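Let's take a walk through a protein chain together, one piece at a time. Keep the picture open beside you as you read.

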Amino acid sequence: QRHIYTRQTHPQRQNAGYHTMAGRSEEVIWEGSTWPACCLSPLCCSSTTWKITSRRIDYSRGCCGSDMETLDVRRITDLRFTRSCAQMCTCRGTLTIMSGDESDPVLRITTF
């Protein structure tokens, strides 16, 4: 007899996703920080913290995360991935997200 586990019932994966108000599971795809000023970002408290889920993109930036924004993934119109030579050698890149959001129509996630 086979057991089929869903995200909600699998004992090891209970914390991997969380439920929205509509009862549908929202899965975290990527969560991390980027440093816009490279090595000096920690000194200037200017890192950008990202949380990308199956439904939205949450990010905070500014001095100690003073600005927080959310982008609904349904508003995304186009994606572009580019890499410089240095990013290619280190398996990094820049993801550019174009959206219909009026406050921030273009988001760039650069990992270097």
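Here is a tour that starts with the overall layout, then moves to strand pairing, the nonpolar core and the charged pairs.

Before anything else, keep in mind that this is a predicted model. The protein chain contains two helices and eight strands. If you trace it along the sequence, you meet them in the pattern β-β-α-β-β-β-β-α-β-β. The chain has 112 residues, and 24% of them are buried. Its accessible surface comes to about 8300 Å², and carbon and sulfur atoms account for 54% of that. As for contacts between residues at least 6 apart in sequence, 24% join residues at least 24 apart.

Now for the strands. A good place to start is E3, which covers residues 48-53. E3 and E4 run antiparallel and are paired over four bridges, with a hairpin of two residues taking the chain from E3 to E4. You can spot the pairing at Trp 50, whose bridge partner in E4 is Tyr 59. E4 itself spans residues 56-61.

E4 has another partner too: strand E5, residues 67-72, is joined to E4 by six bridges, again in the antiparallel sense. Here, look for Ile 57, which stands opposite Leu 71 in E5.

Further along the sequence, strand E7 (residues 93-99) and strand E8 (residues 106-111) make an antiparallel pair with six bridges. A hairpin of six residues connects E7 to E8. Within this pair, Met 98 has Val 106 in E8 as its bridge partner.

What about the inside? In soluble globular proteins, nonpolar side chains tend to be buried together. In this model, the largest nonpolar core has eight residues: Trp 50, Ile 52, Ile 57, Tyr 59, Leu 71, Ile 97, Leu 107 and Ile 109. E3, E4 and E8 each supply at least two residues of this core. Some of these names should ring a bell: Trp 50 and Tyr 59 are bridge partners, and Ile 57 and Leu 71 stand opposite one another.

Which residues does Ile 97 touch, leaving aside its neighbours within four places in sequence? Its contacts are Ile 57, Leu 71, Ile 76, Asp 78, Leu 79, Pro 105, Val 106, Leu 107 and Ile 109. Four of those names, Ile 57, Leu 71, Leu 107 and Ile 109, also appear in the core.

Ile 76 deserves a stop of its own. Ile 76 belongs to strand E6, residues 76-82. Apart from neighbours within four places in sequence, Ile 76 is in contact with Ile 57, Leu 71, Ile 97, Met 98 and Ser 99. One of these, Met 98, is 22 residues away from Ile 76 in sequence, yet their C-alpha atoms are 5.9 Å apart in space. So why is Ile 76 not listed in the core, although Ile 76 is nonpolar? Core residues have to be buried, which means under 20% relative accessible area, and Ile 76 is partly exposed at 25%.

On to the charges. Side chains of opposite charge can pair when their charged atoms come close. How many salt bridges does a search of the whole structure find? The count is four. One of them is between the side chains of Arg 56 and Glu 26, at 3.3 Å from N to O. That pair links distant parts of the chain: Arg 56 is in strand E4 and Glu 26 is in strand E2 (residues 25-34), with their positions 30 residues apart in sequence.

Arg 56 also forms a salt bridge with Asp 58, and there the closest N and O atoms are 3.3 Å apart. Glu 26, Arg 56 and Asp 58 are therefore linked in a network of salt bridges. Are its members buried or exposed? Glu 26 is buried at 3% relative accessibility, Asp 58 is buried at 18%, and Arg 56 is partly exposed at 31%.

Glu 26 has one more partner to show you. Its side chain makes a polar contact of 2.6 Å with the side chain of Thr 53. Thr 53 sits in E3 and is buried, with a relative accessible area of 1%.

For a last stop, find Asp 72 and Arg 74, whose salt bridge has its closest N and O atoms 2.6 Å apart. Asp 72 is partly exposed at 24% relative accessibility, while Arg 74 is exposed at 72%.

Definitions and conventions: Residues are numbered from 1 along each chain as its sequence is written. This is a predicted model: local features need pLDDT of at least 70, side-chain atom pairs count only at pLDDT 80 or more; totals for chains, interfaces and linings use all residues. Side-chain values use heavy atoms; hydrogens and water are left out. Buried means under 20% relative accessible area, exposed over 50%, partly exposed in between (1.4 Å probe, protein chains only). Contact means heavy atoms within 4.5 Å. Accessible areas come from the Shrake-Rupley method with a 1.4 Å probe; for residues, only the protein chains shown count as cover. A polar contact is a pair of N or O atoms within 3.5 Å; within protein, one must be able to donate a hydrogen and the other to accept it, and residues adjacent in sequence count only if both atoms are side-chain atoms. Two strands pair if DSSP finds at least two bridges between them. A nonpolar core is a set of buried Ala, Val, Leu, Ile, Met, Phe, Trp, Tyr and Cys residues joined through side-chain atoms within 4.5 Å.
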